[in-house]
Amino acid sequence: MHKVNARPLRVSLLAVLMLLPAAWNGVRLAQAIRFWKTLAEYKASPGPGYMAVSGGFWLAAGLTLAGGLWLGLSWSWWSSVGAVAGYALWYWFDRLVFQTPHANWQFALALTAASLVIVYLFLFSRRTRRFF
């Protein structure tokens with residue numbers, strides 16, 4: 001557990017922000033399981049197994065990071081720095097390799113860039129670093 005310092009608002013917001021992709025990927029996992037037969041029957045690419053595993057991984061990662069940030073655990077800061085970059089890279093890999101056509105890519109790129117800037121501003125702020 002963290003020292004006596006109160007959790008800064010930025011850290012609380014980061015913890016909540018980590019829940020957004022966790023929830024999104026929880027839905028991805030649930031839908032892959034729910035529609036497994038249909039996805040397999042129509043030979044969906046990349047397939048229900050990939051959808052379930054990736055959804056489950058990012059669900060678990062997001063919940064773990066959110067909890068660690070909320071509790072002020074020291075490993076959660078470093079893990080968040082890496083996970084945010086990893087999630088953005090995975091999102092674009094998934095989008096470019098498995099999704100066709102690449103509709104609204106400009107919007108998705110702008111949203112990814114804005115999200116990275118906001119999260120990294122929060123993560124690297126003086127109060128956040130001091131808290132961890």
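How many aromatic pairs does a search of the whole structure find? The search turns up 11. Keep in mind that this is a predicted model. Some notes, point by point:

1. Tyr50 and Phe98. Let's start with one of the aromatic pairs: the ring centres of Tyr50 and Phe98 are 5.0 Å apart and the planes meet at 50 degrees, so this pair is tilted. It ties together distant parts of the chain, with Tyr50 in helix 3 and Phe98 in helix 4, 48 residues apart. On accessibility, Tyr50 comes out partly exposed at 24%, and Phe98 is partly exposed too, with a relative accessible area of 25%.

2. Trp58 and Trp90. Here is another tilted pair, with 6.0 Å from centre to centre and 40 degrees between the planes. Again distant parts of the chain are linked: Trp58 belongs to helix 3 and Trp90 to helix 4, and 32 residues separate them. Both of these tryptophans are buried.

3. The ring cluster. Trp58 and Trp90 don't stand alone, as ring pairs join them with Phe57 and Tyr87 into a cluster. Tyr87 is worth remembering for the pocket below, where it is among the residues nearest the centre.

4. A charge over a ring. Trp70 has company of another sort: the charged end of Arg7 sits over its ring, 3.7 Å from the centre.

5. The salt bridge. How many salt bridges does the structure hold? Just one. It joins Asp94 and Arg28, whose closest N and O atoms are 3.6 Å apart. The partners come from distant parts of the chain, Asp94 from helix 4 and Arg28 from helix 1, 66 residues apart. Is Asp94 buried or exposed? Its relative accessibility is 7%, so Asp94 counts as buried. Arg28, at 21%, is partly exposed because the buried class stops under 20%.

6. The largest pocket. If you're thinking about the open space in this model, the largest pocket has about 840 Å³ of it. There are 29 lining residues, and those nearest the centre are Pro21, Tyr87, Tyr91, Thr112 and Ser115. Helix 1 (9-34), helix 3 (48-71), helix 4 (74-98) and helix 5 (105-123) are the elements that each give two or more residues to this lining.

7. What the lining is made of. Sorted by class, the lining of the largest pocket has 20 nonpolar residues, six polar ones and three charged ones.

Technical notes:
Residues are numbered from 1 along each chain as its sequence is written. This is a predicted model: local features need pLDDT of at least 70, side-chain atom pairs count only at pLDDT 80 or more; totals for chains, interfaces and linings use all residues. Side-chain values use heavy atoms; hydrogens and water are left out. On a 1 Å grid over the protein atoms alone, a cavity is a set of points where a 1.4 Å probe fits but cannot get out, and a pocket is an open set with protein on both sides within 12 Å along at least five of seven lines; lining residues have an atom within 4 Å of a point. Grid points are joined across faces, edges and corners, and a volume is the space filled by probe spheres set on the points. Helices (H or I, at least four residues) and strands (E, at least two) are DSSP runs, numbered from the N terminus. Ala, Val, Leu, Ile, Met, Phe, Trp, Tyr, Cys and Pro count as nonpolar, Asp, Glu, Lys and Arg as charged, and the others, Gly among them, as polar. A salt bridge is a side-chain nitrogen of Lys or Arg within 4 Å of a carboxyl oxygen of Asp or Glu. Buried means under 20% relative accessible area, exposed over 50%, partly exposed in between (1.4 Å probe, protein chains only). Rings of Phe, Tyr and Trp (its six-membered ring) pair if their centres lie within 6.5 Å; planes under 30 degrees apart count as stacked, over 60 as edge-to-face and the rest as tilted. A charge sits over a ring if NZ of Lys or CZ of Arg is within 6 Å of the ring centre and within 35 degrees of the ring normal.
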